[in-house]
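Visitor: Could you pick one part of this structure and take me through it slowly, close up? I'm new to this, so plain words would help.

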Amino acid sequence: MSSDETISLLYVDPDERARLEVETDLEASPLLKVDIQTCSSRAVAIETLESNAIDCVVTEYELPEATGITLLDQLRDEQPDVPCILYTDVGPNAIETTVAEDAVVEYLPRDIPDAAQSLARLVRNVVDERRQLAYPVPDDEDERLAAIHRYDVEALDAAAMVDRLTELLANRFDVAVAFVGVVDAHEERFLACEGADWDRIDREDAVCSHTLLEAEHLIVEHVQSDARFADIETLDALDIRSYAGVPLTTPDGLPIGAMCLVHDEPRSYSDSEITDLHRFADELMEQLELRRRLSEVGQAVPKPDHEGGR
């Protein structure tokens, strides 16, 4: 993430003046470009996090009916890779941590000199660290996440079609598992999975997080010998030794997930096999695009006014 990219930040504080002050200071800081949302309570913060892609959460310690630590502990369960900063004038010795002993957050006292600049610098650092160390993120991430909602398989009544294509994919290739995954902001959801009973994994553990950035496909003949994936315990636990994935890309070029093959032994793929994998991915996206367009048309056509016909 370059310093020119905008950081989406949520600031939580019950004090209206404090919210305005932090928002003004961060927006004026030359250290970062930031898009700030603010709220006054844990409940509203959780609702905001569920419906928006947030890069960083900053919170006061004392909140209505909760503490900032409680909020950040809940956030850790739902979005574990979002950086969290406790920004408060409550001293470290007065902060109750027993309710969330496993919560790991950054702490910044707001009564230090140049606190606003220190906060801007810390936000910049934790977001950069997350982006650089966890997984690569496409430049058009916000647009990509919005596209995922337009191609929602359940809403488009496409689950049976995805299952059928994945089963055909598994029959075509001699591999342990074939799957279709959608890469959300913080995890990969398996829409269909033939050969295993996988539901979802953290995005930082997903090979498909890297596939999103590939123009054509990603082939990893030996996962444990690849520096990008060698230390990911989840891949080892799922017995993923080789990987082949093709991005599922919308007509306007946004990758929403991947169609993939994994095997329990290192293996390679012929040009013919890779071509066939592309065909399966293209067929899936054509089906989803068709259903999306039909859904839009259906929503645009006015329903009969039965009341008026009486």
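Guide: Let's start with a bit of vocabulary: a helix here is a DSSP run of H or I, at least four residues long, and helices are numbered from the N terminus. With that in hand, D276 is easy to place: it belongs to helix α9, which covers residues 271–300. Bear in mind that we're looking at a predicted model.

Before we zoom in, here's the wider view. The chain has 310 residues, and 47% of them count as buried. Its elements come to 10 helices and 13 strands. If you take the contacts between residues at least 6 apart in sequence, 65% join residues at least 24 apart.

The part I'd like to show you is an open sheet of six strands. Reading across, the order is β10-β9-β8-β13-β12-β11, and the pairing is antiparallel. At the edges stand β10 (200–202) and β11 (218–220); each has a single partner strand, so one side of each has no neighbour in the sheet. Going from one strand to the next, the twist averages 25 degrees. Let's stop at the β11 edge for a moment. Three bridges hold β11 and β12 in their antiparallel pairing, and there I219 sits opposite A244 of β12. As a general point, strands in a sheet pair through backbone hydrogen bonds, either parallel or antiparallel.

Now for the helices next to the sheet. Helix α6, residues 159–172, packs on the sheet and touches β8, β9 and β13. The direction of α6 makes about 70 degrees with that of β9.

Helix α5 (residues 141–150) is worth a slower look. Its buried residues include E141, R144, L145, A147 and I148. Viewed down the axis of α5, the buried residues fall within an arc of 155 degrees, so they line one face of the helix. A rule of thumb helps here: an α-helix has 3.6 residues a turn, so residues three or four places apart point the same way. Over on the other side of α5, D142 and H149 are exposed. And what covers the buried residues of α5? Among the elements doing that are β8 (177–183), β9 (187–194) and β13.

One of those helix residues leads us back into the sheet. A147 is in contact with T250, and T250 also contacts Y151, I256 and M285, leaving aside neighbours within four places in sequence. You'll find T250 in the loop between β12 (242–249) and β13 (255–263). Is T250 buried or exposed? With a relative accessible area of 3%, T250 is buried, because the cut-off for buried is under 20%. The side chain of T250 also makes a polar contact of 2.3 Å with the side chain of D252.

Let's come back to α9, where we began. D276 has a relative accessible area of 15%, so it too counts as buried. Not counting residues up to four places away in sequence, D276 touches R172 and F173. E283 is also found in helix α9, but E283 has 31% relative accessibility and therefore counts as partly exposed. Although E283 and L165 are 118 residues apart along the chain, their C-alpha atoms are separated by 8.5 Å.

For contrast, have a peek at another part of the chain, where strands run parallel. Strand β1 (residues 6–12) is mostly covered, with six of its seven residues buried. β1 and strand β2 (residues 33–39) run parallel and are joined by seven bridges. Two spots to look for: L9 stands opposite I36 in β2, and V12 has C39 of β2 as its bridge partner. Together with helix α1 (residues 16–28), β1 and β2 make a right-handed β-α-β unit. β1 also pairs in the parallel sense with strand β3 (residues 56–59), over four bridges, and the bridge partner of L10 in β3 is V57.

Definitions and conventions. Residues are numbered from 1 along each chain as its sequence is written. This is a predicted model: local features need pLDDT of at least 70, side-chain atom pairs count only at pLDDT 80 or more; totals for chains, interfaces and linings use all residues. Side-chain values use heavy atoms; hydrogens and water are left out. Buried means under 20% relative accessible area, exposed over 50%, partly exposed in between (1.4 Å probe, protein chains only). A polar contact is a pair of N or O atoms within 3.5 Å; within protein, one must be able to donate a hydrogen and the other to accept it, and residues adjacent in sequence count only if both atoms are side-chain atoms. Contact means heavy atoms within 4.5 Å. Two strands pair if DSSP finds at least two bridges between them. A crossover is right-handed if, with the strands pointing away from the viewer, the path from the first strand over the helix to the second runs clockwise. The arc is that of the directions from the helix axis to the C-beta atoms. Axes are lines fitted to C-alpha atoms, for helices over the stretch in contact, and angles run from 0 to 180 degrees between N-to-C directions.
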